[in-house]
Each structure stands twice: as structure tokens, then as C-alpha cells.
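Good morning, colleagues. Please take a moment with the sequence and the structure before I begin my remarks.

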Amino acid sequence: MTRPFFIDTDTASDDAVALVIALRHPDIDVVSIGIVAGNVPLEHGVQNALYVAELCDRSDVPIHAGAAVPLRLPLSTGQYVHGQDGMGDIGLPLTGRLPAPGHAADALIAASHAHAGTLEVVTLGPLTNIAIALEKDPSLVGRVARVVVMGAVADHIGNQNPVAEFNMWVDPHAVDVVLRSGLPLEFVGWDISRTYAVMEPTDAAALRAVGTPVAEMCVDIQKTLIEFCHHHTKLSGFDLPDPIAMAYAINPAIATQTRHLHCEVETESPLTRGMVVMDLLGFTGKEPNALVVTAADRDLFLKMLFEAVR
Ligand code: BDR
Ligand code: CA
């Protein structure tokens, strides 16, 4: 029996690797993919996801365009991180493919009816499409088994401002809708990525040496991310936030420690916009609304990554 996944992504270089892991996993049925603006403008994300699906020989999976802008704020992209095209600007042919008809939020609602009670949602970008779906159909909450969110930081060390992670920062109002919705949320934050999913140059060389077109793409598209990590996040090589979130979604044993926490997001402050405040000491006395991964198994993640590109 395969497990039905709906993936929502602002497809750029690390999202692409996460898609490879899911699309090539024998236990996972990716029923559809929604695209949201974030790392790149919407049309780039659409083309990138279509390209990755084609390379994985999975053009059968419907890919739907979704929100082109956040709920209330103007779009700020991460093209300085992932390249103008989001895929490292290495000259990939990223034009001319056509998405499936219909908005990503409607595709999510449809998937939740087709797989009521069993659908697993994995979000790899800003939460705009999920918030739109919830506003259209709040009963969605009762049909989704779990929602794995790549976002936030349990140690409150940000990659977009001192305390916020990019996906949460781009559309904090959407995060607010999702956190208040009652959806069964599981967060894999950027702290997990920079601690357990860094690909140092030797790791990247080993991955590329697998020698398949998919393996080569997974490394080559990180070209601009490597520069960003060197200058800004001070990591040696590059890190893979969306892939480790996807690996956890597929195999929860990736998490070696989790906590149930109450989470709220800052939407207004220019200093801390997008910060997901996790009540680690229980100050608020409020009921937890999310499971947060606080430690992970790096070896198991690498095993899943290498298996996916073989
Ligand atoms: C997240 O932001 C994007 O740059 C990545 O694709 C990932 O989803 C990490 O903060
Ligand atoms: Ca992403």
C-alpha cells in the first residue's frame, strides 16, 4: 500500500532534491504537487517542478500553479540564494512545459476528498496555498492525516532575519492561519537542516559520483546556494532543508527527538517578522498546536538521499 502525499513547493534547488526523494520513493504516491511563489516567482517554480518530474520520469504527477503573491505582503524571493531561475543558473532548459489546470489550493482540497483521512501534506515553501485552501474550505482540517512543514527554527536562529526562517518570513499571515487552523502540524525547521543536512564538499562529490542524471542535477543546481552558505549562513558546502523535511515525512525515524509545543507567529514587527515563537518552557500555558522535530538522524537522511538518486 502506498501513502498519498500532496506536496506544496516553491520549487528551487533544495525543493528539487526533496521532490526527487518523494517522486522516486516506492512507498509514496505523490497525488499532486502545488506550486507557491517564494524562492522564485510562481512561473519559475512551476517550470522547475515540471522539469524535475520529467527528469524523474514522473510527468504523470499533476503539478498545479497556486498563489503568485503572499496573502497580504508583497512577494520577496530568494533568488539571491538559489539563482535567478532557482536552479543555480546552470543553464537548464526551464521553459515551455505546461502545468495541470486548476489552482493548487483547489488541488489540495480535491486530494483531501479523494484520500480523506489518509492524505499527508508536505509543505516546502511559504504557506500561502495552504492558507487559501483553509479559507475556502475549513473542513479540510478533518480530512488531512498530517501536515509536515519545512519551516521555522526551534533554536530561534533565523536565516532570513536574526530569528525567522525564510518560508515563514515570506508569508507570516499564512503561517498565522495555518497555526490557528487545528491542522495536525509537524515542523522540521532550518535548525535541523544546518545541524543534520549539510553537504560538505566531500558529501556532494560522493552524491554526484553516483553518476545518474538525477544525482548530477541534485548537486549541480546548488551552485548559487553554495555561495550563499559560504558568505551568509557560514556553512561549508550547502544544506538541504526541504530534503530532510521530506525524508522525515516519509520516514519519521529521521527524527530522534521531538516536542509538542505551542507556536505563534509574529506578523507585524519589522525586527522579528516571520518568527515562529515556540513556547519551549511553557510560559503561555497554551495547548501545543504542533509537533516540532528537535534532533535528527543524519546517517539515515543521507541513506535515503543516496537511495533516491541511484
Ligand atoms: C527554506 O527556504 C528556502 O530557501 C528553501 O527552499 C527552504 O524551503 C529554508 O529556509
Ligand atoms: Ca522551499
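I shall speak about charged side-chain pairs and then about one helix.

Please keep in mind that this is a predicted model. A search of the whole structure returns 13 salt bridges, and I shall discuss some of these.

Let me begin with Lys136 and Asp106. Their closest N and O atoms are 2.6 Å apart, and the two residues form a salt bridge. This pair links distant parts of the chain, with Lys136 in helix H5 (residues 128-136) and Asp106 in helix H4 (residues 104-114), 30 residues apart. How accessible are the two partners? Lys136 has a relative accessibility of 52% and counts as exposed, because the threshold for that class is over 50%. Asp106, at 34%, counts as partly exposed.

The second pair is Arg146 with Glu120, a salt bridge in which the closest N and O atoms lie 2.8 Å apart. Arg146 belongs to strand S5 (residues 144-150) and Glu120 to strand S4 (residues 119-123), so this salt bridge ties together parts that are 26 residues apart in sequence. Are these partners buried or exposed? Arg146 is buried, at 11% relative accessibility, and Glu120 is likewise buried, at 9%.

The third pair consists of Asp203 and Arg298, whose closest N and O atoms are 3.1 Å apart in a salt bridge. Since Asp203 lies in helix H9 (residues 201-208) and Arg298 in helix H13 (residues 298-309), the pair ties together parts that are 95 residues apart in sequence. Arg298 counts as partly exposed, with a relative accessibility of 24%. Finally on this topic, salt bridges with shared partners join Arg3, Glu120, Arg146 and Glu186 into one network.

I now turn to helix H11, which spans residues 223-233. Which of its residues are buried? They are Thr224, Leu225, Phe228, Cys229 and Thr233. These residues cover an arc of only 140° around the axis, and therefore they lie on the same side of H11. The spacing can be read against a general rule: an α-helix has 3.6 residues a turn, so residues three or four places apart point the same way.

What do the buried residues of H11 pack against? Their partners are helix H1 (13-23), helix H3 (79-82), helix H8 (190-196) and strand S8 (238-239). Just after H11, Lys234 adopts a positive phi of about 60°.

That concludes my presentation, and I welcome your questions.

Technical notes. Residues are numbered from 1 along each chain as its sequence is written. Chains are lettered from A and ligands numbered from 1 in the order in which they are written. This is a predicted model: local features need pLDDT of at least 70, side-chain atom pairs count only at pLDDT 80 or more; totals for chains, interfaces and linings use all residues. Side-chain values use heavy atoms; hydrogens and water are left out. A salt bridge is a side-chain nitrogen of Lys or Arg within 4 Å of a carboxyl oxygen of Asp or Glu. Helices (H or I, at least four residues) and strands (E, at least two) are DSSP runs, numbered from the N terminus. Buried means under 20% relative accessible area, exposed over 50%, partly exposed in between (1.4 Å probe, protein chains only). The arc is that of the directions from the helix axis to the C-beta atoms. Contact means heavy atoms within 4.5 Å.
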